[in-house]
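Here is a short briefing on the open and enclosed spaces in this protein. Have a look at the model first, and then we can walk through them together.

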Amino acid sequence: MTPSGRLTRSTGPLWLGVDLGTQQARALVVDDDGHVFGAGSAPLTSTRGAGRHEQDPRQWWAAVVDATRAALAGLPADVVAALAVTATSGSVLLVDSAGNPRTEALMYDDARAVTEAGAVDDAGAALWRSLGYTHMQPTWALPKLLWLLNRQPELVADTTRLCHQADLITARFVGRLVPTDASNALKSGYDLVRERWPDEVLTILGIPPQLLPAVVRPGTVLGRVGPDAAALTGVPAGIPVVAGMTDGCAAQLGAGCVEIGSWNSVLGTTLVLKGVSAQLIHDPAGSLYCHRGPDGTWLPGGASNCGAGVVTEWFPGADLADLTARAARLPIGPMAYPLLARGERFPFRALDAETFLLGRPHTGPGVFAALLLGVTCLERLCFDRVTMLGAPTHGTLTFTGGASRNEYWSQMRTDMLGRQVHIPEQNEPALGMAILAATSSGRSAKEAVATMVRRRGERTPNTARVSELTGHYAQFLEALTARGWLDNATATYAAARL
């Protein structure tokens with residue numbers, strides 16, 4: 001054991017998961033039993049404003065290098081057997097043939113491509129319906145790709161390629177551009193049913209086929225760590241680099257959410273819900289979409305523009321433990337619908353949605369409590385929406401994401417949903433990537449999950465609070481409906497479930 005208490009010796013191989021989030025890069029080293037042997041992180045910065053969210057992609061690799069070296073510090077040089085990378089879904093840029101950035105990265109919630117999203121919908125309407133999501137949102141990767149090309153047409157060249165956030169990192173590890181994974185390719189228009197790029201749609205949009213990367217299924221070996229990356233990161237040269245999944249899918253895998261009907265609710269910067277279904281789920285509104293699971297299942301889910309990120313924005317530098325303790329002493333009352341940016345994408349689509357406050361909290365802790373309650377109400381609406389669409393929700397429910405460490409908030413969410421919740425010991429997408437890396441040894445994802453996912457505890461709803469919380473939820477539904485953002489069918493269905 002090291003002075004910090006982490007394990008340093010293992011009788012078997014270790015697996016490295018790398019996660020590029022919004023605010024940091026994270027690396028996690030675990031063994032086949034889910035024991036953590038090393039962890040590291042490094043900060044990332046963004047530029048936001050007026051529907052924009054950009055990052056300098058050159059900082060990604062530097063952050064991954066720092067996080068990985070920290071995670072491997074004190075471990076033998078040759079213990080890591082494979083790695084996989086996850087990153088935010090729909091974050092893209094253009095690169096040259098060597099993988100060098102030609103543009104800034106448009107991040108997952110950058111919503112400038114409104115006009116381009118309309119063109120994408122017109123060109124591929126039949127295909128998007130067949131894939132279950134009906135519409136592409138301006139925050140998705142294909143509209144953003146078109147936005148980049150419309151403003152810099154000189155980039156439409158044989159040597160330019162679309163690059164998802166995770167692709168840039170896998171390229172750095174391997175030493176050359178490698179295929180992307182089908183999970184990240186979904187928002188770029190990839191046909192998950194036929195497993196191909198829809199050339200007929202891309203031709204209408206004027207996107208040349210050579211601009212798009214080859215696509216493989218998650219879990220496929222992309223290549224092996226090259227000597228340059230090994231020297232920088234401390235990762236052994238020659239180990240497999242495994243194709244990953246988007247951050248929501250990675251968190252779902254890390255939470256052990258692989259059985260039909262199970263769901264994982266990730267409350268980090270934004271709220272992301274991911275479940276498991278035997279069938280493709282269709283959403284006429286286009287707010288829910290389905291990835292393919294590593295074992296042939298479908299993974300329905302969606303990501304809101306609302307989440308715990310607003311706490312950092314509204315209370316920069318605050319003592320959150322103190323705020324939570326003071327909020328917990330207040331009666332439940334006002335609530336906020338706190339968006340990180342204008343517009344909502346899940347559980348409903350509303351480009352004009354904006355933050356609002358119901359009631360008048362008079363103190364900082366009161367405002368803080370209003371934020372927590374608003375996100376809690378939105379989470380329940382997400383579950384009502386996916387149930388209405390026919391997705392199975394009878395299985396295990398897990399909470400992950402940074403906000404799951406807030407005991408008061410987690411209990412409020414449990415009470416609002418009225419069902420038992422499981423809390424994994426490790427609640428981060430990097431673990432999901434370590435699990436996917438472990439499948440390179442020949443195990444299935446389910447087999448790896450069975451030994452690598454460890455539970456920290458459970459939460460049981462407090463029935464005495466259910467009626468009080470659902471009363472606030474009813475007010476939340478009324479406020480969204482009155483503003484024209486929530487459709488009547490969903491509002492009626494959700495109200496009937498009270």
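Let's begin with the second largest pocket, which holds about 310 Å³ of space. Of the 19 residues along its lining, Arg217, Pro218, Gly293, Pro294 and Asp295 come closest to its centre. Please keep in mind that this is a predicted model.

**The second largest pocket**
- Both domains take part here: domain 1 (14-244) and domain 2 (257-496) each give at least three residues to the lining of the second largest pocket.
- Two helices to look for are helix H5 (182-185) and helix H14 (445-452), each of which supplies at least two lining residues.
- Sorted by class, the lining of this pocket has 7 nonpolar, 7 polar and 5 charged residues.

**The largest pocket**
- The largest pocket has a volume of about 1,200 Å³.
- Its lining is made up of 48 residues, and those nearest the centre are Leu267, Gly268, Thr269, Gly401 and Gly402.
- Which residue classes make up this lining? The lining of the largest pocket splits into 18 nonpolar, 21 polar and 9 charged residues.
- Domain 1 (14-244) and domain 2 (257-496) each contribute at least three residues to the lining of the largest pocket.

**Enclosed cavities**
- How many cavities of 30 Å³ or more does the model contain? The count comes to 4.
- The largest cavity has about 80 Å³ of space.
- This largest cavity is lined by 13 residues, with Leu253, Cys257, Val258, Pro294 and Leu299 closest to its centre.
- Helix H8 (residues 247-254) gives the most to the lining of the largest cavity, namely 3 residues.
- By class, the cavity lining has 9 nonpolar residues, 3 polar residues and 1 charged residue.
- Pro294 is worth finding in your viewer: this residue is among those closest to the centre of the second largest pocket, and Pro294 is also among those closest to the centre of the largest cavity.

**The annotated N-terminal span**
- An unreviewed UniProt entry lists residues 14-254 as "domain: Carbohydrate kinase FGGY N-terminal".
- In the model, the C-alpha atoms at the two ends of residues 14-254 lie 16 Å apart.
- Helix accounts for 33% of that span and strand for 24%.

Note on methods. Residues are numbered from 1 along each chain as its sequence is written. This is a predicted model: local features need pLDDT of at least 70, side-chain atom pairs count only at pLDDT 80 or more; totals for chains, interfaces and linings use all residues. Side-chain values use heavy atoms; hydrogens and water are left out. UniProt positions are given in the numbering used here, feature names are shortened, and annotations may be inferred rather than shown by experiment. Helices (H or I, at least four residues) and strands (E, at least two) are DSSP runs, numbered from the N terminus. On a 1 Å grid over the protein atoms alone, a cavity is a set of points where a 1.4 Å probe fits but cannot get out, and a pocket is an open set with protein on both sides within 12 Å along at least five of seven lines; lining residues have an atom within 4 Å of a point. Grid points are joined across faces, edges and corners, and a volume is the space filled by probe spheres set on the points. Ala, Val, Leu, Ile, Met, Phe, Trp, Tyr, Cys and Pro count as nonpolar, Asp, Glu, Lys and Arg as charged, and the others, Gly among them, as polar. Domain bounds come from an automatic or database domain assignment.
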